[in-house]
Amino acid sequence: MAISFLRYGPVLVSILFLGFLLPPRAASGQEPVDTALVLAVDASGSIDPGEFQLQREGIAAAVTSADLLDVLRFGPHASLAIAYVEWGGPGMATTVVGWMLVSDEESAAAFAATVLAAPRSIQSYNAIGDAITHAQALLDLCPCQPVRQVIDVSGDNPDNRSLVPAPLARDRAVDAGIVINALAILQDGYLGNSGRPWLVESYEAEVIGGPGAFVMTANSRRDFERALLDKMILEIAVGPKALQLARDLLMDGPQDGRLHALPGG
């Protein structure tokens with residue numbers, strides 16, 4: 001894993017050290033956690049079965065990664081509440097795996113196994129705004145008391161056909177204190193090697209929001225695991241020790257140009 005310090009160091013530092021500034025959020029549940037995280041993953045028609053399986057396997061590998069669990073252990077509560085949502089058609093976002101707590105290898109493996117075993121939801125198109133709306137409602141139901149709330153949106157196309165357009169859904173979530181980050185998949189089975197270099201700008205303008213919000217890119221479905229792991233390490237790092245470890249992990253290596261900052265942020 002690597003993010004260039006020379007190119008993106010100031011952005012990464014601002015993202016990481018926002019962890020010091022985020023106060024605990026009150027919630028109806030009793031379980032204190034560092035982060036309540038919704039993984040909102042594209043399951044639309046542009047993703048063939050093989051690519052979809054790569055996404056599921058990437059999620060399982062990222063959640064069970066030793067690096068991610070090491071960062072999690074250094075947080076104030078050393079635990080993560082996580083849910084998995086698939087999105088696509090207008091108003092069709094679906095909670096595939098409800099809230100589970102991850103705090104160690106065993107609980108991480110349980111979440112990964114549940115994701116891998118779940119049937120694929122039926123989706124079409126790219127209604128990202130409705131995915132954000134669904135994820136916000138899911139966060140409201142989390143049986144936890146999180147330090148931070150994050151919606152992690154991944155996809156290979158811009159928002160279209162949402163009942164609630166992505167910018168409006170984004171603004172509503174940000175007003176509720178939620179951070180929305182995005183993972184832009186720049187190639188897919190339809191485009192081959194042509195890619196979508198403009199997708200980052202689309203997600204910056206319409207999808208991400210909140211303190212330190214960012215876009216991470218994956219060059220392909222096969223790069224999804226690497227990108228998601230980098231992204232989740234940033235999202236779950238809470239407290240000085242976790243933040244320092246996350247910084248060390250993500251700064252170690254050559255420039256890769258995969259992290260993009262919110263314009264003006």
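How many of the 12 residues of strand S4 are buried? Keep in mind, as we look for the answer, that this is a predicted model. Strand S4 covers residues 144-155, and 11 of its 12 residues are buried, so the strand counts as mostly covered, buried being under 20% relative accessible area.

Let's look at the neighbours of this strand. Strand S1, made of residues 31-42, pairs with S4 in the parallel sense, and 10 bridges link the two. To find one of these places in the structure, look for Ala40, whose bridge partner in S4 is Val153. S4 also pairs with strand S5, residues 179-185. Here too the strands run parallel, joined by six bridges. A handy landmark for this pairing is Val150, which has Val179 as its bridge partner in S5. As you trace the strands, it helps to know that in a regular strand the side chains alternate between the two faces of the sheet.

Now let's move to a loop. Between helix H4 (105-117) and helix H5 (128-140) you will find Ser121. Is Ser121 buried or exposed? Its relative accessible area is 13%, and because this is under 20%, Ser121 counts as buried.

What surrounds Ser121? Beyond its neighbours within four places in sequence, Ser121 is in contact with Ala43, Glu86 and Thr94. With Glu86 there is also a polar contact between the two side chains, at 2.6 Å. Another polar contact, at 3.2 Å, links the side chain of Ser121 to that of Gln123.

Definitions and conventions. Residues are numbered from 1 along each chain as its sequence is written. This is a predicted model: local features need pLDDT of at least 70, side-chain atom pairs count only at pLDDT 80 or more; totals for chains, interfaces and linings use all residues. Side-chain values use heavy atoms; hydrogens and water are left out. Buried means under 20% relative accessible area, exposed over 50%, partly exposed in between (1.4 Å probe, protein chains only). Helices (H or I, at least four residues) and strands (E, at least two) are DSSP runs, numbered from the N terminus. Two strands pair if DSSP finds at least two bridges between them. A polar contact is a pair of N or O atoms within 3.5 Å; within protein, one must be able to donate a hydrogen and the other to accept it, and residues adjacent in sequence count only if both atoms are side-chain atoms. Contact means heavy atoms within 4.5 Å.
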